[in-house]
Each structure stands twice: as C-alpha cells, then as structure tokens.
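This report goes through one protein chain, from its empty spaces to its sheet and some single residues. Please keep the sequence and the structure in view while reading.

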Amino acid sequence: MARRAFIQAVTDRAAKVGLTAKGADPISVKGDVAFINGQPFPKYVSEQRDLLEQRIDRQGFDQVMEAVAYTWFNRFVAIRFMEIHGYIEHGFRVLSHPKAEESKGLPEVLQNAEHVDFPGLNKAQVVDLKLGNKDEQLYRMLLIAQCNALHAAMPFLFERVNDETDLLLPDNLLHSDSIIRTLVSAVPEEDWQEVEVIGWLYQFYISEKKEKVIGSVVKNEDIPAATQLFTRNWIVQYLVQNSLGRQWMATYPDSPLKAKMKYYVEPAEQTPEVQAQLKAITPENLDPEALTLLDPACGSGHILVEAYELLKEIYLERGYRLRDK
C-alpha cells in the first residue's frame, strides 16, 4: 500500500510537469518563467525536467518513478526518525507537531517558518507566503530546504541542491490523507524509539512487490525486493557479539565485556593441539582504533549500530572517555 501510494504521488507530480509514460509535453521558457501546458513554473524547473527526461530515456519511465518514490520514502523516514529523537538542528518537527491536537494538522516547522534559517532560503519569500496563507507552497519550500540542508551530512540520501528528484516531491502534502500524514499516523511514536523501525518500514514498503516477484524469473531491478530481508535485532546482536566481540574476548578472556553480551557463546573446549594453533593466530594486544567491521549486505544499518555500541564498550574499557571523538 505505501509503495503504491508513493509511486502514484510521484507519478501524479511528474504528470503536472508534463512527464508521463507516453512522453514529455513541450516546455517553453520566457524570462524567469517556464511554461508547461500553459502553467507557469520557475525557470529552474526547465533544467530539472531536462535531467529527468534524460534519466527516463536511460532507465524507463516506470523505473524512474519507482526509484524516486523510494527516495522520497527514505527521506521522510529519515526525517521522521530525526525529528522524534531531536536530531534536527533548528529544533522544530518537519513532518509533524508535538502537540498534534492543537496544530490542526500543520507541521511544527510550518508554524515557525519565519524562525527557521536554511542556507539559500529566501526569508522574504517565506514571510510573503506565510502572510498570504499559502501553506502548501511554503511547506514545499521548507521541506526541500530541509533536505538540502541535510545534504552535507547525508549526501547519499539527500542529494545536491536543485537535484531533479526535488521536482517530483509530491503535491498536497498537508492534506489529511497525504503520504506524510499517513506515515506519521500509521507508526506510533514509541516505535520510532528503536532504530530497527527503519528496517521494518523498508521490509513493509517492499512486501507487496516481494510477493509479486518471488518464485518467478526476477529482473535486475526487482532483485532487491526478492532478496533483501530485515534481520531481527537478536540475530544482529548474536552476529556482532560472536564476531567482533569474540575477537576481543580471544585476546582478553577476562574482559568485563562478556557480561554485556547477551548472546555471546563461549568457545568449546579444544584439544591441546587446537589450543596451540589458536594461540598462534591470536594477537596478544588489540588496538581498538584498528578494529574494523564489514557489513557486506548493509541495508538500514542497524547491524552497524549494534557494532558501534559494542565498539563503544571496548573503547571505554581501554580508558577512552565518552566525549572523546
């Protein structure tokens, strides 16, 4: 359901700027205005649409719509997680409001638009839109500005300023049945306290497509839906504790780390010959800063989160302070 809703919203937005599965409608530019089917748009829309047309020529219309829909789904999930945990620098929620009943469904950042300072954001235009009660237009501007502001920290998810993906940000985001409102209302806030929620949401997002393609000859673009599965947290802990954790315990068998690893499995008793072989390959000392861990099938990244938590305990054991970077 979520996947279809996002794809439909992105496809509807593409049609608004003259892009459909049948082709591209003519676009003309006069001064600072681009015209598509008689509708005016800012001039930069012409440049963004050109990039989208090139991408559609390479990948196909349906594939681009699905990819862009998933990009926006990921962005909204990331922003939702950050706003719940207070990670957004300006301090206002972007997709919701902490006092939902009093907000009339309007996001907190929209109600405080004049107090938000994003690089490149035209403050005069923000004030004009707010005074003119053009909430939809203002919110769209703020949301794209927020994504652009997050580009420096997460360029893999939030693309460069004026990326063509921005052009397909769906419309009607303040409606009661919008994809954002649905995401906010469908997942209780307490569920966002666990980093696992990102993995669960991804699996939910692709579940319908997985059921559709599983058991058949899978196309290249459908491989993720058929093969990617969310790993339950106890399994993640077991894997991390018996790889990274075991490496540490092999060198420091008396380490207090063992008491903090719920799923750690004590090595079986070995013969003297095997014990000698293990001793020969086990280092006498380990430098925490030299320890590395590879997740070869990184999805939502919560394996890396568990690894970070274990590495943090190792660093603390060796005398590092929490504030050390």
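How much space lies in the largest cavity? The answer is about 30 Å³. The model examined here is a predicted one.

## Empty space

Rolling a probe the size of a water molecule over the atoms shows where empty space is left. In this model the count comes to one cavity of 30 Å³ or more. The lining of the largest cavity is made up of Leu95, Gly105, Pro107, Tyr139, Leu173, Leu174, Ile180 and Arg181. Sorted by kind, this lining has six nonpolar residues, one polar residue and one charged residue.

Pockets are open, whereas a cavity is a space from which the probe cannot get out. The largest pocket has a volume of about 930 Å³, and 30 residues line it. Those that lie nearest its centre are Tyr44, Gln137, Arg140, Met141 and Ile144. Two or more lining residues come from each of α1 (2-16), β5, α2 and α7 (135-149). Helix α7 gives the most, with eight residues. The lining of the largest pocket divides into 16 nonpolar, eight polar and six charged residues.

## The chain as a whole

The chain has 325 residues, and 40% of them count as buried. Its secondary structure consists of 14 helices and five strands. Among contacts between residues at least 6 apart in sequence, 60% join residues at least 24 apart.

## A sheet of three strands

Three of the strands form an open sheet in the order β3-β4-β5, and the pairing is antiparallel. Because β3 (27-30) and β5 (39-42) stand at the edges with a single partner strand each, one side of each has no neighbour in the sheet. On average, neighbouring strands of this sheet are turned by 30° against each other, direction ignored.

Strands β3 and β4 (residues 33-36) are joined by four bridges. In this pair, Ile27 has Ile36 of β4 as its bridge partner, and Ser28 stands opposite Phe35 in β4. The two strands form a hairpin with two residues between them, and Gly31 in the turn has a positive phi of about 65°.

Four bridges also link β4 and β5 in the antiparallel sense. Here Val33 stands opposite Pro42 in β5. The hairpin of β4 and β5 has two residues between the strands, and Asn37 takes a positive phi near 50°.

Which residues of β4 are on its covered face, and which are on the uncovered one? Ala34 and Ile36 are on the covered face, while Val33 and Phe35 are on the uncovered face. Helix α2 (residues 44-59) lies across β3, β4 and β5 and runs at about 90° to β5.

Arg49 is part of helix α2. Is Arg49 buried or exposed? Its relative accessible area is 2%, and the limit for buried is under 20%, so Arg49 is buried. Leaving out residues up to four places away in sequence, Arg49 touches Val17, Gly18, Leu19, Ala24, Asp25, Pro26, Ile27, Ile36 and Leu167. Two of the residues in that list, Ile27 and Ile36, are the bridge partners named above.

## Two asparagines in loops

Most residues other than glycine have a negative phi, and most peptide bonds are trans. The table gives two residues that have a positive phi without being glycine.

| Residue | Phi | Loop | Relative accessibility |
|---|---|---|---|
| Asn133 | near 55° | between α6 (123-131) and α7 | 63% |
| Asn172 | about 55° | between α7 and α8 (179-186) | 42% |

The cut-off for exposed is over 50%, so Asn133, at 63%, counts as exposed. Asn172, at 42%, counts as partly exposed because its value falls between the limits of 20% and 50%.

## A contact between distant parts of the sequence

Glu306 lies in helix α14 (residues 302-317). Along the chain, Glu306 and Gln237 are 69 residues apart, yet their C-alpha atoms are separated by 6.6 Å. Neighbours within four places in sequence aside, Glu306 is in contact with Asn233, Val236, Gln237 and Val240.

Key
Residues are numbered from 1 along each chain as its sequence is written. This is a predicted model: local features need pLDDT of at least 70, side-chain atom pairs count only at pLDDT 80 or more; totals for chains, interfaces and linings use all residues. Side-chain values use heavy atoms; hydrogens and water are left out. On a 1 Å grid over the protein atoms alone, a cavity is a set of points where a 1.4 Å probe fits but cannot get out, and a pocket is an open set with protein on both sides within 12 Å along at least five of seven lines; lining residues have an atom within 4 Å of a point. Grid points are joined across faces, edges and corners, and a volume is the space filled by probe spheres set on the points. Ala, Val, Leu, Ile, Met, Phe, Trp, Tyr, Cys and Pro count as nonpolar, Asp, Glu, Lys and Arg as charged, and the others, Gly among them, as polar. Two strands pair if DSSP finds at least two bridges between them. Axes are lines fitted to C-alpha atoms, for helices over the stretch in contact, and angles run from 0 to 180 degrees between N-to-C directions. Contact means heavy atoms within 4.5 Å. Buried means under 20% relative accessible area, exposed over 50%, partly exposed in between (1.4 Å probe, protein chains only).
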